[in-house]
Every structure is written in C-alpha cells, then in structure tokens.
Amino acid sequence: MKASKIADKPIGLALGALSGLTAGALFKQAWKTIGHDHDAPDATDENRGWSEVLIAAVLQGAIFAGVKAAVDRGGAAATRRLTGTWPG
C-alpha cells in the first residue's frame with residue numbers, strides 16, 4: 001500500500017468527523033431560520049405532520065451531502081497538491 005493512501009486514511013476520518021459536525025450545525029441553523037421550532041422533527045414525532053418531517057429530512061440530507069462533497073473534493077485537491085496524484 002502506498003504511503004499516500006496510508007496517510008490519507010486518518011486525515012479522511014478526521015475530515016469526515018469534522019464535516020459531520022459542520023453539517024449538523026448548518027442544518028440546525030437552517031431549520032431555526034425556516035422552521036417553526038428550534039428542534040427539527042424526528043420521523044417518529046407524533047406531534048409533527050408528514051410534510052414537516054419529510055421537509056426536515058430532505059433539507060438535512062441535502063446539507064449533509066453538500067458538505068460531504070465539498071470536504072471530499074477539498075481533500076482530494078489537497079492530496080494532489082501534496083503528493084502529485086489524485087486519490088482514488
């Protein structure tokens with residue numbers, strides 16, 4: 001296994017954890033801005049309607065996917081700058 005792939009694993013794990021925290025914070029802020037409550041509904045929340053639950057889930061998924069793509073792309077670009085090769 002190449003040294004660049006070995007070095008990429010812990011960096012990828014750290015960036016993944018950081019991106020999850022970032023996406024969670026962005027989602028909470030977005031929900032506060034557009035939602036009626038401070039907390040987003042859970043799928044099993046009896047007091048919330050279908051539309052509110054589904055809108056929250058779609059918004060959360062979009063934010064998480066966008067942050068993950070940005071972090072993955074940035075990590076790949078950084079790896080190319082450091083090693084001269086594109087990962088993957």
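Start by selecting R48 and E52: a salt bridge joins these two side chains, with 3.2 Å between the closest N and O atoms. The model is a predicted one. R48 and E52 are both buried.

Keep R48 selected and add D45. The side chains of R48 and D45 also meet in a salt bridge, at 3.6 Å from N to O. How exposed are the residues R48 and D45? R48 has a relative accessibility of 17%, so it counts as buried, the limit for that class being under 20%. D45, at 26% relative accessibility, counts as partly exposed.

Next, select K68 and D72. They form a salt bridge whose closest N and O atoms are 2.5 Å apart. Show the backbone as well: K68 and D72 both belong to helix α2 (residues 50-83), where they sit 4 residues apart, about one turn of the helix. Colour by accessibility and D72 comes out as partly exposed, at 41%. Now return to the earlier selection, where D45, R48 and E52 are joined into one network by salt bridges that share partners. In total, the structure holds 3 salt bridges.

Move on to the aromatic rings. How many aromatic pairs are there? The count is 1 aromatic pair. Select F27 and W31 to display it: the ring centres are 6.3 Å apart and the planes stand at 35 degrees, so the pair is classed as tilted. The class follows because planes under 30 degrees apart would count as stacked and those over 60 as edge-to-face. Trace the backbone between the two residues: F27 and W31 are 4 residues apart in helix α1 (residues 3-34), which means that about one helical turn separates them. Both F27 and W31 are buried.

With F27 still selected, expand to its contacts. Apart from neighbours within four places in sequence, F27 is in contact with A40, A56, L59, Q60 and I63.

Finally, select A23, F27, W31, A56, I63 and V67 together. These 6 residues make up the largest nonpolar core. Which helices supply at least two residues each to this core? Colour by helix to see that α1 and α2 each do so. As background, nonpolar side chains tend to be buried together in soluble globular proteins. Leave F27 highlighted to end the tour: F27 is a member of the largest nonpolar core, and its ring belongs to the tilted pair with W31.

Methods
Residues numbered from 1 in each chain as written. Predicted model: local features only at pLDDT ≥ 70, side-chain atom pairs only at ≥ 80, totals over all residues. Heavy atoms only, no water. Phe/Tyr/Trp six-rings, centres within 6.5 Å; stacked < 30°, edge-to-face > 60°. Buried < 20%, exposed > 50% of the residue type's maximum accessible area, 1.4 Å probe, protein only. Salt bridge = Lys/Arg side-chain N within 4 Å of Asp/Glu carboxyl O. Core = buried A, V, L, I, M, F, W, Y, C linked by side-chain atoms within 4.5 Å. Contact = heavy atoms within 4.5 Å.
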